[in-house]
Amino acid sequence: MTQEIKKLPKRSEVDEKLTWDLTKVFADDTVFEQELKNLNAQINEFAQAKGSLSKDAHQFKKVLNQYLDLMRRFEKAYVYASMKNDQDTADTKYQGYQELVSAQATKFEEATSWFEPELMALPEEVLNQYYESEPELNETKHFIDGLLLMKAHTLDAQKEEMLASASEIFQTSENVFEILNNADLKFPIVEDEEGKQIQLSHGTYATLIQSTDRKVRKEAFEKLYETYDQFKHTFATTLLSHVKGHNFNAKIRNFDSARQASLYANHIPESVYDTLLKQVHKHLPLLHRYVALRKKLLHVEELHMYDIYTPITGKAHLTYTYEEAKKEALEALSVLGKDYTKHVQEAFDERWIDVVENQGKRSGAYSSGTYDTAPYMLLNWQDNLENLYTLVHEMGHSMHSWYTTHNQPYQYGDYSIFLAEIASTTNENLLTDYLLKKYPQKEIQQYILNHYLDGVKGTIFRQAQFAEFEQWIHQQNQAGNPLTAKEISEYYQKLNEKYYGPDVISDPQIALEWARIPHFYYNFYVYQYATGFACASALSQAILSGDATKVDGYLDYLKAGSSDYPLEVMKKTGVDMTQDKYLEDAFDVFEKRLDQLEKSFEK
Ligand SMILES: [Zn+2]
């Protein structure tokens, strides 16, 4: 159950076949250490080029290439140290490596901090003349344009330096939040289904709130928010301070709002955000219908916020060993074509994946790597359907990385977060479709349909709710309106009522949900989960339509990396994210599957 202590193998006991092969990054640790030394020397050397960008085209090209080369090699060293550290966080050698590269990162930033401002200060005519006399420079033109984008929002060198040296101070509110939320906050003991005493924590809450025993999830919900209630004024203060930082930054950099400033960095027009919220509002009745179905299936007189996460369709009768999951993933993704699955097979065969749990291994799952490495994946494998979803999700990221790094030069060999979650959740959507076709059994159909509907609830509706809250709190502060725990909670409660609709009891506790969400300490980040998932839903439908040009368009997006701005890259797939259609398409699928699930319970 929740607190059971599992006997995990030591790192050294894990079958090598199930570990990632990092010798392809650096043959061994001594090579890594040597590279770090070389980098160190070259970073020092780079600082000497300061002031030379205006000399001539040749010098400009030389320094630019040095800059890119340093970044490229530094990234490789960085991912090596962090992956080594993640495979066993208790291993002091790699803790040390992690610290070494972090120190190196700071040094790297200091030594290169002059580069971007100096580049921005070059007059346009000079740059144009550089492009003419060194035509090779055109290969980095979009990269340079990306840097120049900030030109109108950059202050003079002295002010920028001052701001840079104050950057740690701007982190304070987030740091205080994290320490309070993760270390100082003490939650009470609650009881699980068998009456066992459980220490409530962020981790155990996530499990308890899904309990099929209503008493258990109710108690967890109430006790969690009782704790937050005691500290709500502190949480309101840390959040407000953070918001103030964003608004201050936007103001001094000549932006209309913090939201505009945040989206501008990726060249995303604000209409993308507005369109998302408009479409979500329009389709809230679908969420209300889903909530009503939940109420009906749970046979409760009143549906509470603590009833939102408990399963309504019974257990998934689908278990997969890792070997079986590999086969299933390959089949589900085969609609993306032979080339795609060939590289998926490569991921399995060439040990890109660190599969099983071991003592000290970082929890969760991710896709990592950099331009000069394979796109590695970290998993903590369990034999269930959820892990099959995780596998295809991370595989989506890794294939995106593979296609990008093999089709773009280094300067375009990555992609923004805005695009990242589209590749991963497209795969999830393809898996959903595949499973629905493969398993006609009623109970499995219901489970998968509900898994999908829950995914949309959590990734489109809930993240849009967060995005709306984030927008509101920034606007309120910008307008000079007071923001204490009282105002924030009152707004949040109303917002929650709007999203979940009349079938949910508006429990007073939920008014404090804002206090515990770490994402509000990012900077207009969460909306991308919603736009990404909606886009992925629309794309997977296009891929499954049988129109081969749709698959080609999709692969073109995977290959494009950051060679163009994110919205332009998405257009290669035929999706225009400034328009309503991709969201309409995504909600159409949601409605169709909601109909299906509703009907399956009528019979
Ligand atoms: Zn992801």
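Me: Before we start, what does "buried" mean here?
Reply: Happy to explain! A residue is called buried when its relative accessible area is under 20%. In this predicted model, that label goes to a share of the 603 residues, and the share is 53%.

Me: Is His393 buried or exposed?
Reply: Let's use that cut-off, under 20%. His393 has a relative accessibility of 12%, so His393 counts as buried.

Me: Which residues coordinate the zinc ion?
Reply: Good one to check in the structure! The donor atoms sit at 2.1 to 2.6 Å from the zinc ion. In sequence the donor residues follow the spacing H-x3-H-x23-E. His393 belongs to helix α18 and Glu421 to helix α19, so the pair ties together parts that are 28 residues apart in sequence. The coordinating residues are His393, His397 and Glu421.

Me: Is the arrangement of donor atoms around the zinc ion tetrahedral or irregular?
Reply: For four donors to count as tetrahedral, all angles must lie between 85 and 135 degrees. Here the 4 donor atoms subtend angles of 51 to 138 degrees, which makes the arrangement irregular.

Me: How many helices and strands does the protein have?
Reply: Its radius of gyration is 25 Å, close to the 25 Å the globule rule gives for 603 residues, so the protein is as compact as a globular protein of that length. The secondary structure adds up to 25 helices and 5 strands.

Me: What percentage of residues 118-187 is helix?
Reply: UniProt, in an unreviewed entry, lists this stretch as "domain: Oligopeptidase F N-terminal". Its end C-alpha atoms are 51 Å apart, and strand makes up 0%. The helix share is 69%.

How values were computed
Residues numbered from 1 in each chain as written. Predicted model: local features only at pLDDT ≥ 70, side-chain atom pairs only at ≥ 80, totals over all residues. Heavy atoms only, no water. UniProt positions renumbered as here; feature names shortened; annotations may be inferred. Helix = DSSP H or I, 4+ residues; strand = E, 2+ residues; numbered from the N terminus. Donors = N, O, S within 2.8 Å, 3.2 Å for Na, K, Ca; no water. Tetrahedral: all angles 85-135°; square planar, octahedral: opposite > 155°, others 65-115°. Buried < 20%, exposed > 50% of the residue type's maximum accessible area, 1.4 Å probe, protein only. Rg over C-alpha atoms; globule rule 2.2 N^0.38 Å.
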